[in-house]
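Dear colleague,

I am passing on a structure that I would like you to look at before we talk. Please have it open beside this message while you read.

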Amino acid sequence: VVVRKVEPGTAGYRAGIKQGDVITEIDDTAVSSVATFTKAVSKLKAGDTAIVVAQRGDRSVILEMTIE
């Protein structure tokens with residue numbers, strides 16, 4: 001899933017997710033479509049911390065995101 005925009009003040013913004021990142025995994029769940037992304041995120045509750053793996057250019061980044 002390609003990140004089109006990151007709103008300031010959101011969990012993704014605080015985690016360091018950037019426009020253009022390609023999210024490939026959330027908490028060991030592969031993300032291959034908007035549907036799998038939505039399903040993975042829907043399992044998280046406020047206060048949970050998720051590990052997000054994203055492709056940024058030619059490298060992978062691992063980010064920790066706390067859900068609000």
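Two residues are said to be in contact here when they have heavy atoms within 4.5 Å of each other. Please also keep in mind that what you have is a predicted model.

**Asp21 and Arg56**

With that cut-off, and leaving aside neighbours within four places in sequence, Asp21 is in contact with Val1, Val2, Val3, Gly16, Ala54, Gln55 and Arg56. Asp21 sits in the loop between helix 1 and strand 1, and it counts as buried because its relative accessible area is 2%, where buried means under 20%. What does the side chain of this residue, Asp21, reach at 2.9 Å? It is the backbone nitrogen of Lys18; in addition, the side chain of Asp21 makes a polar contact with that of Arg56, at 2.8 Å.

Arg56, for its part, belongs to strand 3 (residues 49–56). Besides the polar contact with the side chain of Asp21, its side chain reaches the backbone oxygen of Gly16 at 2.8 Å. When neighbours within four places in sequence are set aside, the contacts of Arg56 are with Gly16, Ile17, Lys18, Asp21, Val61 and Leu63.

**Leu63, Ile26 and the nonpolar core**

Leu63, which is one of those partners of Arg56, is placed in strand 4 (residues 59–66). Its relative accessible area is 12%, and therefore Leu63 is buried. Residues up to four places away in sequence not being counted, Leu63 touches Ala15, Gly16, Ile17, Ala50, Ile51, Val52 and Arg56. Between Leu63 and Ile26 there are 9.6 Å in space, C-alpha to C-alpha, for a separation of 37 residues in sequence. Ile26 has contacts of its own, again without neighbours within four places in sequence, with Val31, Phe37, Ala40, Val41, Leu44, Ala50 and Ile51.

In soluble globular proteins, nonpolar side chains tend to be buried together. The largest nonpolar core in this model has 17 residues, and those touching the most other members are Val3, Ile17, Ile23, Ile26, Leu44, Val52 and Met65. Two or more residues of this core come from each of helix 1, strand 1, strand 3 and strand 4.

**The largest pocket**

How much space lies in the largest pocket? The computed value is about 290 Å³. There are 17 lining residues, of which Gly12, Ile17, Ile23, Phe37 and Met65 are the closest to the centre of the pocket. Helix 1 (11–15), strand 1 (22–26) and helix 2 (34–42) are the elements that contribute two or more residues to the lining. Sorted by class, the lining is made up of 13 nonpolar, two polar and two charged residues.

**Two residues with positive phi**

Most residues other than glycine have a negative phi. Asp27 nevertheless has a positive value, near 45°, and Asp28, which is not a glycine either, has a positive phi of about 65°. Asp27 is found in the loop between strand 1 and strand 2 (29–30), and Asp28 lies in the loop between strand 1 and strand 2 as well. As for accessibility, Asp27 counts as partly exposed, its relative value being 31%, whereas Asp28, at 72%, counts as exposed.

With best regards

Definitions and conventions:
Residues are numbered from 1 along each chain as its sequence is written. This is a predicted model: local features need pLDDT of at least 70, side-chain atom pairs count only at pLDDT 80 or more; totals for chains, interfaces and linings use all residues. Side-chain values use heavy atoms; hydrogens and water are left out. On a 1 Å grid over the protein atoms alone, a cavity is a set of points where a 1.4 Å probe fits but cannot get out, and a pocket is an open set with protein on both sides within 12 Å along at least five of seven lines; lining residues have an atom within 4 Å of a point. Grid points are joined across faces, edges and corners, and a volume is the space filled by probe spheres set on the points. Helices (H or I, at least four residues) and strands (E, at least two) are DSSP runs, numbered from the N terminus. Ala, Val, Leu, Ile, Met, Phe, Trp, Tyr, Cys and Pro count as nonpolar, Asp, Glu, Lys and Arg as charged, and the others, Gly among them, as polar. Buried means under 20% relative accessible area, exposed over 50%, partly exposed in between (1.4 Å probe, protein chains only). A polar contact is a pair of N or O atoms within 3.5 Å; within protein, one must be able to donate a hydrogen and the other to accept it, and residues adjacent in sequence count only if both atoms are side-chain atoms. A nonpolar core is a set of buried Ala, Val, Leu, Ile, Met, Phe, Trp, Tyr and Cys residues joined through side-chain atoms within 4.5 Å.
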